[in-house]
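The following exercises concern one protein chain and are each followed by a worked solution. Please inspect the sequence and the model before reading on.

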Amino acid sequence: MTELDAIQAADFNWAVLLNDVWRSPASDVPGLHARLRAAFARKLDAMARTPGGGSPLGWVVVGAGGSGKTHLLGSFRREATRRKCPFILVDLTDVRSFWDCVLQGYMGSLEQEFDDGVPQHKWVLDNIIARYGSGRSFTAKLSALLGRRSADPRADINDMLGALAKSFPRETMKYQNVVRALICLNSDDFTISSLGHSWLRGLRIEDEDRKRLGFTVDQELPSRIVEALSWFTSLAGPTVVAFDQIDPIVAQLHYR
């Protein structure tokens, strides 16, 4: 083999890309950033012991290219998933409108399929059902709703929301549209699923569809959808929100 053959045979595509965060790596080095990994696991444990305890201060992880930041992010995602904690990844590389970008990150993350092929939005609903068990009426209704094609989706969703309001009255009233859209997103009816997807993306839906599915508004602000999604995913467990490439926002504030 010549020197040129050796260079051509070498694989220089060694960098961990952002999309790799969602996949199990071919190899891992547990000792790499071991202190941060252990601290992250302890933080999730502490949050799980005090549900509803609010949001802790976030971490800022800095380092030169190739120092393993994205690799570490992947290990955080896997640890969160192992503990049944929702994981949201927001890429701020090309941020123009902050809340639009955050909402895109939420929806992109919820649509990601884990290793078993289940999208995270369904995984979150399943974890809510498992976490609260059959002792709450809303979990029984939610489980039944997800397991069949509904002849009257508006009535069935209203029934589930009524049961949810018994446990979380203020939040259900405030966030009912996002809960409604998430249930639609998980429907096996493509038309209903598409409407839920559009509404959660901040797009306007037709007035006829709004009335048919019971939405109180045909469109919502991205910031309010993010707020509601944050509350609902927290029902499944402590939710991790990771921001990649915060440099553009820091630069904008610096120039201003």
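**Exercise 1. Establish whether the length of helix α2 agrees with or departs from its expected span, and describe its packing.**

Step 1. Helix α2 covers residues 34–49, and its 16 residues should span 22 Å at 1.5 Å a residue. The expected span is 1.5 Å times one less than the number of residues. The end C-alpha atoms of α2 are 23 Å apart, which agrees.

Step 2. The model is predicted: local features require pLDDT of at least 70 and side-chain atom pairs count only at pLDDT 80 or more, whereas totals for chains, interfaces and linings use all residues. Residues are numbered from 1 along each chain as its sequence is written, and side-chain values use heavy atoms, with hydrogens and water left out.

Step 3. The buried residues of α2 are R37, A39, F40, A41 and L44. Here buried means under 20% relative accessible area, exposed means over 50%, and partly exposed lies in between (1.4 Å probe, protein chains only).

Step 4. The cover over these buried residues includes α3 and β2.

**Exercise 2. Summarise the chain as a whole: which elements does it contain, and in what order do they run?**

Step 1. The protein chain has twelve helices and two strands. Helices (H or I, at least four residues) and strands (E, at least two) are DSSP runs, numbered from the N terminus.

Step 2. Starting at the N terminus, the order is α-α-α-β-α-α-α-α-α-α-α-α-β-α.

Step 3. The C-alpha trace spans about 70 × 45 × 40 Å along its principal axes. Of the 256 residues in the chain, 40% are buried.

Step 4. Considering contacts (heavy atoms within 4.5 Å), 64% of those between residues at least 6 apart in sequence join residues at least 24 apart.

**Exercise 3. Characterise helix α4 (98–110) and its part in the second largest pocket.**

Step 1. With 13 residues, α4 reaches 18 Å from its first C-alpha to its last, close to the expected 18 Å.

Step 2. C101, V102, L103, G105, Y106, M107, S109 and L110 are the buried residues of α4. They pack against β1, α5 (120–132), α8 (169–185), α9 (190–200), α11 (222–234) and β2 (240–244).

Step 3. A pocket is defined on a 1 Å grid over the protein atoms alone, as an open set of points where a 1.4 Å probe fits, with protein on both sides within 12 Å along at least five of seven lines; lining residues have an atom within 4 Å of a point. The second largest pocket holds about 250 Å³ of space, a volume being the space filled by probe spheres set on the points, which are joined across faces, edges and corners.

Step 4. Both β1 (87–91) and α4 supply at least two residues of this lining. The largest share, five residues, comes from α4. Lining residues include L18, N19, W22, L89, V90 and D91.

**Exercise 4. Locate K84 and state what is notable about its backbone.**

Step 1. K84 lies in the loop between α3 (69–82) and β1.

Step 2. K84 has a positive phi of about 60°, although it is not a glycine. Most residues other than glycine have a negative phi.

Step 3. K84 is partly exposed, with a relative accessible area of 45%.

**Exercise 5. Compare the surroundings of I225, Q176 and Q219: is each buried or partly exposed?**

Step 1. I225 is found in helix α11 and counts as buried at 0% relative accessibility. Leaving aside neighbours within four places in sequence, I225 is in contact with L103, V178, W199, L200, G202 and E220. Its C-alpha is 11 Å from that of L182, and the two are 43 residues apart in sequence.

Step 2. Q176 belongs to helix α8 and is buried, with a relative accessible area of 18%. Its contacts, again leaving aside neighbours within four places in sequence, are L161, E171 and T216.

Step 3. Q219 sits in the loop between α10 (207–213) and α11 and is partly exposed at 30% relative accessibility. Q219 touches W199, G202, L203 and R204, not counting residues up to four places away in sequence. The C-alpha atoms of Q219 and I205 are separated by 6.7 Å, with their positions 14 residues apart along the chain counted as the sequence separation.
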